[in-house]
Amino acid sequence: MRRAVCPGSFDPITNGHLDIIARASKLYDVVHVAVMINQSKKGLFTVEERIELIREVTADFGNVEVESFHGLLVDFCKQRDIPAIVKGLRAVSDFDYELQMAQMNNGLTGVETLFVPTNPTYSFLSSSLVKEVAPRGGDVSHQVPPTGQPPLTPRQARK
Ligand code: PNS
């Protein structure tokens, strides 16, 4: 069984993330989507909401498992016997930090990182920009995957 992981904050998942997950799901038997729990950073969506969204929009792929994790990504991989991390690269500016993480992770446990060039349609996309634009009334409907449910209300707006 060939396994890979697509890790991230996914706050929220964008069409760019979804494209990478979809492509990974064609290359591997099982793709684990690992949603990082970051105690020190309060996200726009809770981790549970992010997981729910990702499960919904990846359900048709048939081989995607979505979980949260805290601690090191390499430990998540080790516990599940995952030898490969799949990451999207939007631009050269992504490469510097991604290379450092890939080298660190490989040095820690030998896990490999595979970079997939982002579809140019999504090369400008990021969760941060979506979070900047959406609460101010900007239309992000082409940047985040459509869901069958009414859009989730970010936690700030629920108070
Ligand atoms: O979507 P993001 O925030 O760019 O994802 C970053 C993520 C979650 C992939 C990265 O921060 C990560 O792997 N964090 C887990 C902690 C860890 O293993 N750090 C060492 C990496 S060298």
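A salt bridge, as the term is used on this tour, is a side-chain nitrogen of Lys or Arg within 4 Å of a carboxyl oxygen of Asp or Glu. The helices we'll be walking along are DSSP runs of at least four residues, numbered from the N terminus. One more thing before you start clicking: this is a predicted model.

**Stop 1: helix α1**

Select Arg23 and Asp19. Both sit in helix α1, four residues apart, which is about one turn of the helix. Show their side chains and you'll find them meeting in a salt bridge, 2.8 Å from N to O. Now switch on a surface. Asp19 is buried, with a relative accessible area of 16%, while Arg23 counts as partly exposed at 28%. The cut-off that separates them is 20% relative accessible area, since buried means under that value.

Stay in helix α1 and pick Ser25. What lies 2.8 Å from a polar atom of the Ser25 side chain? Draw the distance to the backbone oxygen of Ala22 and you have it. Ser25 is buried too, at 12% relative accessible area.

**Stop 2: the loop between β1 and α1**

Slide back to the loop between β1 and α1 and select Phe10. Check its backbone: phi is positive, about 50 degrees, although Phe10 is not a glycine. With a relative accessible area of 3%, Phe10 is buried.

Next, select Asp11 and Pro12. A cis peptide bond joins the two, with omega at about 0 degrees. Pro12 has its place in this loop as well, between β1 and α1.

**Stop 3: from the loop across to α2**

Keep Asp11 selected and add Arg50. These two form a salt bridge, with the closest N and O atoms 3.5 Å apart. Arg50 belongs to helix α2 (residues 47-58) and Asp11 to the loop between β1 (3-8) and α1 (15-27), so this pair ties together parts that are 39 residues apart in sequence. Are the partners buried or exposed? Both Arg50 and Asp11 are buried.

**Stop 4: β3 meets α3**

Now select Glu67 and Arg80. Here is another salt bridge, and the closest N and O atoms are 2.8 Å apart. Glu67 lies in strand β3 (residues 64-69) and Arg80 in helix α3 (residues 73-80), so the pair links parts that are 13 residues apart in sequence. Glu67 is partly exposed, with a relative accessible area of 24%, and Arg80 is partly exposed as well, at 23%. Before leaving the charged pairs, add Lys131 to your earlier selection: salt bridges that share partners join Asp11, Arg50 and Lys131 into one network. How many salt bridges does a search of the whole structure find? Six.

**Stop 5: along α3 and into the next loop**

Click on Asp75, which is found in helix α3. At 31% relative accessibility, Asp75 counts as partly exposed. If you draw a C-alpha to C-alpha line from Asp75 to Ile85, it spans 12 Å, for a separation of 10 residues in sequence.

Then move on to Asp81, in the loop between α3 and β4 (84-89). Asp81 has a phi near 60 degrees, a positive value in a residue other than glycine. Turn the surface back on here: Asp81 is exposed, with a relative accessible area of 65%.

**Stop 6: the ligand**

Finally, center on the ligand. The space it takes is the largest pocket. To see the shell, select Pro7, Gly8, Ser9, Met36, Phe69, Gly71, Leu72, Leu73, Lys87, Met101, Met104 and Asn105, the residues around the ligand. The protein covers 70% of the 550 Å² of accessible area that the ligand has on its own.

Color the shell by element of secondary structure. β1 and α4 (92-109) each supply at least two of its residues. Which element gives the most to the shell? That is α4, with three residues.

Two distances are worth drawing here. One runs from an oxygen atom of the ligand to an N or O atom in the side chain of Ser9, at 2.5 Å. For the other, go to Leu73 and use the backbone: an N or O atom there lies 2.8 Å from an oxygen atom of the ligand.

Conventions. Residues are numbered from 1 along each chain as its sequence is written. This is a predicted model: local features need pLDDT of at least 70, side-chain atom pairs count only at pLDDT 80 or more; totals for chains, interfaces and linings use all residues. Side-chain values use heavy atoms; hydrogens and water are left out. Buried means under 20% relative accessible area, exposed over 50%, partly exposed in between (1.4 Å probe, protein chains only). A residue is near a molecule or strand if one of its heavy atoms lies within 4 Å of it. A polar contact is a pair of N or O atoms within 3.5 Å; within protein, one must be able to donate a hydrogen and the other to accept it, and residues adjacent in sequence count only if both atoms are side-chain atoms. Accessible areas come from the Shrake-Rupley method with a 1.4 Å probe; for residues, only the protein chains shown count as cover. On a 1 Å grid over the protein atoms alone, a cavity is a set of points where a 1.4 Å probe fits but cannot get out, and a pocket is an open set with protein on both sides within 12 Å along at least five of seven lines; lining residues have an atom within 4 Å of a point. A molecule sits in a cavity or pocket if more than half of its atoms lie within 2 Å of its grid points.
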